[in-house]
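Reader: I am new to this structure and should be grateful for a close look at a single part of it. Please take the sheet of chain A, and set out what belongs to it and what lies around it.

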Amino acid sequence: MKAYINAHGIISPQHTFDGAFFENGPEEYNQPQMHCIEPDYKEFINPAKLRRMSRILKMGLGAASLCVQRGTQPDAIILGTGFGCLADLEKFQYAMKAENEQLLSPTPFVNSSHNMISSQIAIALGCNGYNMTHFHAALSFENTVQDAMMLIAEDEVQNVLVGGIDEITEQLFSITDKLNIWRKDNYNNMNLFNGTHRGTLMGEGAAFFILGSKPTDGHSAQIIGTHTFIDSNTDIIGEATDFLATLNLTLADIDTMILGRNGDAENDCVYDALENCTQANIVHYKHLCGEYRTSSAFAMWLGANILQRQQIPQCTIKRQSRKNSYSNILIYNHLNSTEHAFTVLSK
Amino acid sequence: MKSEEELINDLKAQIIEALSIEDLTPADIDADAPLFGDGEGLNLDSIDAIELVLLIEKQYHIHIDDPRTRRTILASVRAMAKFILENQKE
């Protein structure tokens, strides 16, 4: 079971939408939240529709439109999100309380459901096929990819638009901040991994991919497998080894690992065993996009670019031991040492 | 109580805010142009109609009892202003 990444479109806290990130380097942040750098949506979205859309809808439709422009019209749309259209849900719930459940505006309510983003994309693209939204916390994006790969494997579709999307809201930040998961100081994203600290930076993003059963001229990589599991006492090396064996690979075949370290000492120690058991290049990405439930979609975008460009962006390298060529990338991310996800990309 | 023209100016600003119309200023809105319909006036739709009914209820405390009258009340900004003036309590 495999799928080719034939196009991608991404809106993130970096200049990724126009590709300037690779020429100009990373954007620096000195605050606990990393908000997306957004394009002028009027170039992609009908202005009459735009006015009623929340920010996450604009981000989703903007990134999806760019992806389809670079790729092809999809037969199906599958989306992963941790919290969905949270800003509109908050707006709607606040209004319910403030107005004593009377005189409620319909727009935030209509926009507050999780599957609103994939629905709006389907309407905009005129795609009447399979339309699904997965919201499985930190495994949302990998389950989305798995769903798409099964559709392709069963010859149900040729091209699937998949995406991972989440947004920052002040309410989400203040509630989750009570769990002490966000940095109280040392906010600089480019120094996220320096020193031993508690907490990380909150992020957001929308990353979309056209996955196809066949490669196109512009394809960047192929996804050859994903594996997710929920377990707080897992032997990560054993799990990775077993997963790679199902793809006829070993850890020695992996030349680059993209790991979901986020600068929180307790979170990051889970990656140590895997990092130290091979000589693979080690790449980080959460200092570029922050921590959010579907951040592994950013990792997939980064991995696809590494394989296509045969170059690792300097600002993402933690350890570089193999420089000649990049063929197999293992992406590993976890949440709270409990929700784990692996994805393997190949050239 | 405000005059019809003063109320029209207030309504234009309130409509722009309630419906998140970013590209228009109150001066761009013709008080007599139809609010709804393909390619006409502000080109609003049924969701916008609910937002406008809520605007009248919240801002002017006037409840529209008969839903069948909404089409007439929301025909234009001037029609909205006339309805509000006729129904507003002193």
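Author: What follows describes the sheet in a predicted model, then the helices upon it, and then several residues and ring pairs elsewhere.

The sheet is an open one, formed by 11 strands of chain A. Their order is β3-β2-β4-β5-β1-β6-β11-β10-β7-β8-β9, and the pairing is mixed. At the edges stand β3 (131-134) and β9 (317-319) of chain A, each of which pairs on one side only. On average, with direction ignored, neighbouring strands of this sheet are turned by 25 degrees against each other.

Strand β1 of chain A, which covers residues 3-11, is a good place to look closely. In the order of the sheet, β1 stands between β5 and β6. With strand β5 (residues 205-212) of chain A, β1 pairs in the antiparallel sense over 7 bridges. Two residue pairs illustrate this: I5(A) has L211(A) as its bridge partner in β5(A), and H8(A) has F209(A) as its bridge partner in β5(A). The pairing of β1(A) with β6(A) is also antiparallel, over 3 bridges. Here Y4(A) finds its bridge partner in Q222(A) of β6(A).

Is β1(A) enclosed or open to the outside? Of its 9 residues, 9 are buried, so β1(A) is largely enclosed by the rest of the structure.

Two helices that pack on the sheet may be described next. Helix α7 (residues 140-153) of chain A touches β1, β2 (76-80), β3, β4 (159-166), β5, β6 (221-230) and β11 (339-346) of chain A. The direction of α7 makes about 125 degrees with that of β6(A). Helix α9 (residues 236-246) of chain A also packs on the sheet, where it touches β6, β10 (328-335) and β11 of chain A. The direction of α9 makes about 40 degrees with that of β11(A).

A residue of another helix leads on from here. S296(A) belongs to helix α12 (residues 296-309) of chain A. S296(A) counts as buried because its relative accessibility is 2%, and the limit for that class is under 20%. The side chains of S296(A) and E142(A) are joined by a polar contact of 2.7 Å. When residues up to four places away in sequence are not counted, S296(A) touches F141(A), E142(A), Y285(A) and N333(A).

One of these neighbours, Y285(A), also takes part in an aromatic cluster. Ring pairs link Y285(A) with F21(A), F22(A), F298(A) and W301(A) in that cluster. Over the face of F22(A) lies R309(A), at 3.6 Å from the ring centre.

Over all chains there are 13 aromatic pairs. The pair of F92(A) and F109(A) has ring centres 4.9 Å apart and planes at 40 degrees. Why is the pair called tilted? The centres lie within the 6.5 Å that a pair requires, and the angle is neither under 30 degrees, as for stacked rings, nor over 60, as for edge-to-face rings; the pair is therefore tilted. It links distant parts of the chain, since F92(A) is in helix α4 (residues 86-98) and F109(A) in helix α5 (residues 106-111) of chain A, 17 residues apart. F92(A) itself counts as buried, at 15% relative accessibility.

The loops of chain A offer further detail. N188(A) lies in the loop between α8 (170-177) and β5 of chain A. With a relative accessible area of 12%, N188(A) is buried. Leaving aside neighbours within four places in sequence, N188(A) is in contact with E28(A), Y29(A) and N30(A). With E28(A) there is a polar contact between the side chains, at 2.7 Å. N188(A) and Q120(A) are 68 residues apart in sequence, and their C-alpha atoms are 35 Å apart in space.

The loop between β10 and β11 of chain A holds N336(A). Although it is not a glycine, N336(A) has a positive phi of about 55 degrees. N336(A) is exposed, with a relative accessible area of 58%. In chain B, S20(B) likewise has a positive phi without being a glycine, with a value near 50 degrees. S20(B) is placed in the loop between α1 (4-18) and α2 (46-60) of chain B, and at 34% relative accessibility S20(B) counts as partly exposed.

How values were computed. Residues are numbered from 1 along each chain as its sequence is written. Chains are lettered from A and ligands numbered from 1 in the order in which they are written. This is a predicted model: local features need pLDDT of at least 70, side-chain atom pairs count only at pLDDT 80 or more; totals for chains, interfaces and linings use all residues. Side-chain values use heavy atoms; hydrogens and water are left out. Rings of Phe, Tyr and Trp (its six-membered ring) pair if their centres lie within 6.5 Å; planes under 30 degrees apart count as stacked, over 60 as edge-to-face and the rest as tilted. Helices (H or I, at least four residues) and strands (E, at least two) are DSSP runs, numbered from the N terminus. Buried means under 20% relative accessible area, exposed over 50%, partly exposed in between (1.4 Å probe, protein chains only). A charge sits over a ring if NZ of Lys or CZ of Arg is within 6 Å of the ring centre and within 35 degrees of the ring normal. Two strands pair if DSSP finds at least two bridges between them. Axes are lines fitted to C-alpha atoms, for helices over the stretch in contact, and angles run from 0 to 180 degrees between N-to-C directions. Contact means heavy atoms within 4.5 Å. A polar contact is a pair of N or O atoms within 3.5 Å; within protein, one must be able to donate a hydrogen and the other to accept it, and residues adjacent in sequence count only if both atoms are side-chain atoms.
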